[in-house]
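Let's take a friendly walk through part of a protein model. Please have the sequence and the 3D view open as you read.

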Amino acid sequence: MRSRFVLIVLIFLSINGFAQSLENVLNPGPKLYSGVVFGYNGGFGGQLNLTITNFQKDFPLSARFGIGYTAMEPGKSADARRIFINNATNGTPEERGWMWNLNFDLLIPLSFLTNSHIYLGPRYSMFTANFKYVGGNEDFDVTSNQFGLGGGLETQFPLVPNLYMVFSAGAEYFFEGTLKGHDTAYSPDGDDVNPREDYSYSDADEAVNQPQILGRFMLGINYGF
């Protein structure tokens with residue numbers, strides 16, 4: 001009697017294990033894709049991505065996390081100097097700008113376009129504009145951190161198993177952020193710190209090219225694990 005019970009238990013465990021294995025084949029667990037893209041995003045830059053797909057059976061959405069860097073036009077050096085520092089004009093201006101950005105997207109597959117999807121999600125940017133006056137003893141940064149939204153269309157083309165070429169086009173919109181430079185800050189709500197003369201946030205925003213509406217056209221690869 002006891003041996004029969006043990007045999008029944010072993011058969012049950014075997015059937016259960018087979019069923020779980022079959023379920024894993026029919027509905028495999030989440031899959032990861034890593035990728036890198038380069039192109040235009042308000043300037044030339046690139047982005048590293050990590051995508052998670054197939055959360056559970058019949059769940060169509062995927063999630064993507066990304067971190068990127070973009071070289072950008074910083075703004076108007078003479079105006080930035082007056083608004084954040086002083087009215088001096090000596091020295092030879094040199095300028096550069098860049099943005100670090102963090103992205104999260106939900107990817108929605110398109111049934112009428114193979115290996116394509118719409119993506120949409122929040123953004124966070126960390127922008128820096130550096131203005132240097134050689135011979136004028138001025139070298140200062142103007143920074144802003146902003147939240148935003150982005151979206152677009154992306155298509156993948158298989159190259160070899162688990163390796164895809166990616167084409168992406170879209171746009172991003174960033175909300176106004178406080179502009180800080182030297183010991184001065186201009187805020188969208190008018191809560192400024194040590195503003196120069198009668199300058200306001202609109203003057204600072206016009207002088208410094210912080211992200212606002214950016215077109216996005218990227219090309220890269222994705223690799224699935």
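What follows is a short briefing on a set of paired strands, two buried polar residues and a nonpolar surface patch.

This is a predicted model, in which local features need pLDDT of at least 70 and side-chain atom pairs count only at pLDDT 80 or more, while totals for chains, interfaces and linings use all residues. Residues are numbered from 1 along each chain as its sequence is written, and side-chain values use heavy atoms, with hydrogens and water left out.

**How the strands pair**

- Strands here are DSSP runs of E with at least two residues, numbered from the N terminus, and two strands pair if DSSP finds at least two bridges between them.
- Strand β5 (residues 116-134) pairs with β6 in the antiparallel sense over 18 bridges, and Ala-129 stands opposite Val-142 in β6.
- A hairpin with three residues between the strands joins β5 and β6, and Gly-135 in its turn has a positive phi of about 85°.
- Strand β6 (residues 138-160) is also antiparallel to β7, with 12 bridges; one place to look is Glu-154, opposite Ser-168 in β7, and another is Gly-148, whose bridge partner in β7 is Phe-174.
- The hairpin of β6 and β7 has two residues between the strands, and Asn-162 in the turn has a positive phi of about 70°.
- β7 pairs in the antiparallel sense with strand β10 (residues 213-224) over 11 bridges, with Val-166 opposite Gly-220 in β10.
- Strand β8 (residues 179-181) pairs with β6 through two bridges, again in the antiparallel sense, and Lys-180 in β8 stands opposite Thr-143.

**The two faces of β7**

- In a regular strand the side chains alternate between the two faces of the sheet.
- In β7 (residues 163-174), the covered face holds Tyr-164, Val-166, Ser-168, Gly-170, Glu-172 and Phe-174.
- The uncovered face of β7 holds Leu-163, Met-165, Phe-167, Ala-169, Ala-171 and Tyr-173.

**Two buried polar residues**

- Buried means under 20% relative accessible area, exposed means over 50%, and partly exposed lies in between (1.4 Å probe, protein chains only).
- Gln-146 lies in β6 and counts as buried because its relative accessibility is 2%.
- The side chain of Gln-146 makes polar contacts (N or O atoms within 3.5 Å, one able to donate a hydrogen and the other to accept it; residues adjacent in sequence count only if both atoms are side-chain atoms).
- One of these reaches the backbone oxygen of Phe-175 at 2.9 Å, and another the backbone oxygen of Pro-211 at 2.9 Å.
- Glu-172 sits in β7 and is likewise counted as buried, at 2% relative accessibility.
- The side chains of Glu-172 and Arg-123 are joined by a polar contact of 2.7 Å.
- Leaving aside neighbours within four places in sequence, residues in contact with Glu-172 (heavy atoms within 4.5 Å) include Asn-41, Asn-103, Leu-149 and Arg-216.

**The nonpolar surface patch**

- Phe-157, Leu-159, Val-160, Met-165, Phe-167, Leu-219 and Ile-221 make a nonpolar surface patch of about 590 Å².
- The elements giving two or more residues to the patch are β6, β7 and β10, and β6 has the largest share, with three residues.
- Such a patch joins nonpolar side chains (Val, Leu, Ile, Met, Phe, Trp, Tyr) within 5 Å, from residues with over 30% relative accessible area and no salt bridge, that is, no Lys or Arg side-chain nitrogen within 4 Å of a carboxyl oxygen of Asp or Glu.
- Accessible areas come from the Shrake-Rupley method with a 1.4 Å probe.
- Val-160, in β6, is partly exposed at a relative accessible area of 46%.

Note on methods. Helix = DSSP H or I, 4+ residues; strand = E, 2+ residues; numbered from the N terminus. Patch = residues over 30% accessible without salt bridge, like charges linked within 9 Å, V, L, I, M, F, W, Y side chains within 5 Å.
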